[in-house]
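Visitor: I have a few minutes and a list of questions. Can you walk me through this one?

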Amino acid sequence: LFNDAEFTDAFKQHPAARTMHHAYVGGLLEHTLSVAHACERIAAHYSFLQRDLLVAGAIIHDIGKLKEMAAGLTTEYTVSGHLVGHLAIGSEWIGRIAAKLGNVPDEIVWQLQHLILSHHGQLEFGSPVLPQTVEALALHALDMLDAQLFQARAAIMADTDEHAEFTKKIYGLERSMYKNAVA
């Protein structure tokens, strides 16, 4: 994927989400790098995790967003984004690339697809399957953590009420956040 200049350019420019987190040009790359870095660190701590698989999952977990949302400054969903969503799009994409390469063991392809399909962590959050590998469990947690910390910090930084100790309720986090000198 990343040897394709068109893919790489699109990946660098794409938002990570429509509204919730990293919803700006370059947000997908920023979010992906943050999650990949966190995966590197957690794999160093938990030696039983397959580092290469986990980091690969972090890098590809949101590739479907390139086809889920329209390119450019907009964050509107495409037809495929509405009908299928980025988890299914990304999983299918990995399957096609592996078939084209021809030398990727099926189990590796399944695990990579599982990382994509399960990274939302819960059926009600759009994952068609729950994380069923330790790498999938770690990826879900770190992806969620990155998105939530981004939302919390953004809300704190955007809050203009100097006298309020807490932000207003943050959509997506379902809580307000204490503004204790976060910069």
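Visitor: What kind of model is this?

Guide: Keep the origin of the coordinates in mind throughout. The model is predicted.

Visitor: Is H86 buried or exposed?

Guide: H86 sits in helix α6, which covers residues 86-101. Its relative accessible area is 5%. Buried means under 20%. So H86 is buried.

Visitor: Which side chain does H86 join in a polar contact of 3.2 Å?

Guide: Start with what H86 touches beyond four places in sequence: H61, D62, G64, K65, E68, H119 and H120. One of these contributes the side chain in the polar contact of 3.2 Å. That partner is D62.

Visitor: Which residue meets D62 in a salt bridge?

Guide: Side chains of opposite charge can pair when their charged atoms come close. Here the N to O distance is 3.8 Å, and a salt bridge requires 4 Å or less. Both partners are buried. The residue that meets D62 is K65.

Visitor: How many salt bridges are there by this rule?

Guide: The pair K65 and D62 is one example of a salt bridge. K179 and D159 form another, at 2.9 Å from N to O. By the rule, the count comes to six.

Visitor: Which residues are linked with E40 in a network of salt bridges?

Guide: Take one salt bridge first: the closest N and O atoms of R51 and D52 are 2.4 Å apart. R51 is partly exposed, at 37% relative accessibility, while D52 is exposed, at 57%. The network links E40 with R51 and D52.

Visitor: Where is L49, and is it buried or exposed?

Guide: L49 lies in the loop between α2 (27-45) and α3 (51-60). Its contacts beyond four places in sequence include I42, A43, L54 and V134. Its relative accessible area is 9%, and the cut-off for buried is under 20%. So L49, in that loop, is buried.

Visitor: How far apart in space are L49 and E107?

Guide: In sequence, 58 residues separate L49 and E107. From C-alpha to C-alpha, the distance in space is 16 Å.

Visitor: Which residues form a nonpolar patch on the surface with V134?

Guide: V134 is found in helix α8, residues 134-158. It is partly exposed, with a relative accessible area of 39%. The patch has about 300 Å² of accessible area together. V134 shares it with Y46 and F48.

Note on methods: Residues are numbered from 1 along each chain as its sequence is written. This is a predicted model: local features need pLDDT of at least 70, side-chain atom pairs count only at pLDDT 80 or more; totals for chains, interfaces and linings use all residues. Side-chain values use heavy atoms; hydrogens and water are left out. Patches are made of residues with over 30% relative accessible area and no salt bridge: like charges are joined within 9 Å, nonpolar side chains (Val, Leu, Ile, Met, Phe, Trp, Tyr) within 5 Å. Accessible areas come from the Shrake-Rupley method with a 1.4 Å probe; for residues, only the protein chains shown count as cover. A salt bridge is a side-chain nitrogen of Lys or Arg within 4 Å of a carboxyl oxygen of Asp or Glu. Helices (H or I, at least four residues) and strands (E, at least two) are DSSP runs, numbered from the N terminus. Buried means under 20% relative accessible area, exposed over 50%, partly exposed in between (1.4 Å probe, protein chains only). A polar contact is a pair of N or O atoms within 3.5 Å; within protein, one must be able to donate a hydrogen and the other to accept it, and residues adjacent in sequence count only if both atoms are side-chain atoms. Contact means heavy atoms within 4.5 Å.
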